[in-house]
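Here is a walk through one chain, from its overall build down to single residues. Keep the viewer open and follow along.

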Amino acid sequence: MGKEELKKRVKVIIKRLADNYPDAKCHLDFKNPFELIVSTVLAAQCTDVSVNKTMTPLYKSKYKSPKDILKDGADKFRDEIKSINFYNNKTKSIISLCESLEKNHKGRVPDDMDSLTELPGVGRKSASVVLGNCFGKEDVIIVDTHLKRVSARLGLIENDNPDKIEAELKEIVPEKEQFYFSMRTGEHGRLVCQAKKPKCGECFLSDICPSKNKF
Ligand code: SF4
């Protein structure tokens, strides 16, 4: 399918996603960019529910800034997040992240892609999550597992590499729709187009989906 055809298909998909998931939002709990960037790093290979369960009370009681985590130190922080997968490595990442925020950004989370991706442990996906959810940037594609799966099944992408997927989708999804498209495909992936058994019979995209009933 050519680019123009793809753009037409994506337009229909965007409209239907917006009709069905008008309020799709991030599933990590956060009150500010600091909380979201920490939780996003902790959520790698782990559920948002598990991160929220551990981190929401901690943000409320003691971790209000990078300084607070650094003051506690790695050992105490590791102890606090023990219920989260890969807590050892994640402790190292969060400590480095907090040190860098303190040293280079006066303890504040920067609001541009280059500065965010220079932070330890923060890739384009995490940076896009923060830019879209905390700083109102619309031109970000968040390449998570749901967006990858749903976009592939809908025939919108050909690549498997996250950077290439981001570039492919940026070519066909209008800039002001990119963040919402990301949030809403996430929701569709969670609720309907699930990894193992997609519910094609009840999917509002089935008439235009090349993967209908193929799984
Ligand atoms: S028709 Fe099936 S495979 Fe296609 S988007 Fe819907 S649930 Fe996913």
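## An all-helix chain

Read from start to end, the chain follows the pattern α-α-α-α-α-α-α-α-α-α. That makes 10 helices and zero strands. Please bear in mind that this is a predicted model.

The C-alpha trace spans about 55 × 30 × 30 Å along its principal axes. The radius of gyration of the chain is 18 Å, which agrees with the value near 17 Å that a compact globule of 215 residues would have. Buried residues make up 36% of the 215 residues. Of the contacts with a separation of 6 or more, 61% join residues 24 or more positions apart.

## Two domains and where they meet

The chain is divided into domain 1 (3-24 + 140-208) and domain 2 (33-134). Taken over C-alpha atoms, the centres of the two domains are separated by 27 Å. Their contact takes 10 residues from domain 1 and six residues from domain 2. On the side of domain 1 that touches domain 2, the elements that give two or more residues are helix H9 (162-172) and helix H10 (178-191). H9 gives the most to this side, with three residues. By class, this side of domain 1 divides into six nonpolar, one polar and three charged residues.

## The nonpolar core

Which residues have the most contacts inside the largest nonpolar core? They are Ile37, Leu42, Ile94 and Val130, in a core of 52 residues. Helix H2 (residues 33-42) supplies the largest share of this core, six residues. The core also draws at least three residues from each of domain 1 and domain 2. In soluble globular proteins, nonpolar side chains tend to be buried together.

To see one of these core residues in its setting, select Ile94. Leaving aside residues up to four places away in sequence, Ile94 touches Val38, Val41, Ile69 and Phe77.

Helix H7 (residues 124-134) is another good place to look. H7 is mostly covered, with eight of its 11 residues buried. The buried residues of H7 are Ser126, Ala127, Ser128, Val129, Val130, Leu131, Gly132 and Asn133. They pack against H2, helix H6 (113-118) and H10. After H7 comes Gly136, whose phi is positive, near 65 degrees.

## Around the ligand

There are 13 residues around the ligand, and those that come nearest are Cys193, Pro198, Cys200, Cys203 and Cys209. By class, the shell has eight nonpolar, two polar and three charged residues.

## A closer look at four residues

Gln178 is found in helix H10. Is Gln178 buried or exposed? Gln178 has 22 other C-beta atoms within 10 Å, and a residue needs 20 or more to count as buried, so Gln178 is buried. Apart from residues up to four places away in sequence, Gln178 touches Glu138, Asp139, Val140, Ile141, Lys170 and Val173. Gln178 and Gly132 are 46 residues apart in sequence, and their C-alpha atoms are 9.3 Å apart in space.

Asn88 lies in helix H5 (residues 87-105). Asn88 counts as exposed because it has 11 C-beta neighbours inside 10 Å, and the limit for an exposed residue is 12 or fewer. From C-alpha to C-alpha, Asn88 and Ser182 are 30 Å apart in space, with their positions 94 residues apart in sequence.

Most residues other than glycine have a negative phi. Two loop residues depart from that. Gln45, in the loop between H2 and helix H3 (48-61), has a positive phi near 50 degrees. Phe86, in the loop between helix H4 (66-80) and H5, has a positive phi of about 55 degrees although it is not a glycine.

The table sets out the neighbour counts of these four residues.

| Residue | C-beta neighbours inside 10 Å | Class |
|---|---|---|
| Gln178 | 22 C-beta atoms | buried |
| Phe86 | 13 C-beta atoms | partly exposed |
| Asn88 | 11 C-beta atoms | exposed |
| Gln45 | 8 C-beta atoms | exposed |

Note on methods
Residues are numbered from 1 along each chain as its sequence is written. This is a predicted model: local features need pLDDT of at least 70, side-chain atom pairs count only at pLDDT 80 or more; totals for chains, interfaces and linings use all residues. Domain bounds come from an automatic or database domain assignment. Two residues are in contact if their C-beta atoms, placed from the backbone, lie within 7 Å. Helices (H or I, at least four residues) and strands (E, at least two) are DSSP runs, numbered from the N terminus. Ala, Val, Leu, Ile, Met, Phe, Trp, Tyr, Cys and Pro count as nonpolar, Asp, Glu, Lys and Arg as charged, and the others, Gly among them, as polar. A nonpolar core is a set of buried Ala, Val, Leu, Ile, Met, Phe, Trp, Tyr and Cys residues joined through C-beta atoms within 7 Å. A residue is near a molecule or strand if its C-beta atom, placed from the backbone, lies within 6 Å of it. The radius of gyration is taken over C-alpha atoms; the globule rule is 2.2 Å times the number of residues to the power 0.38.
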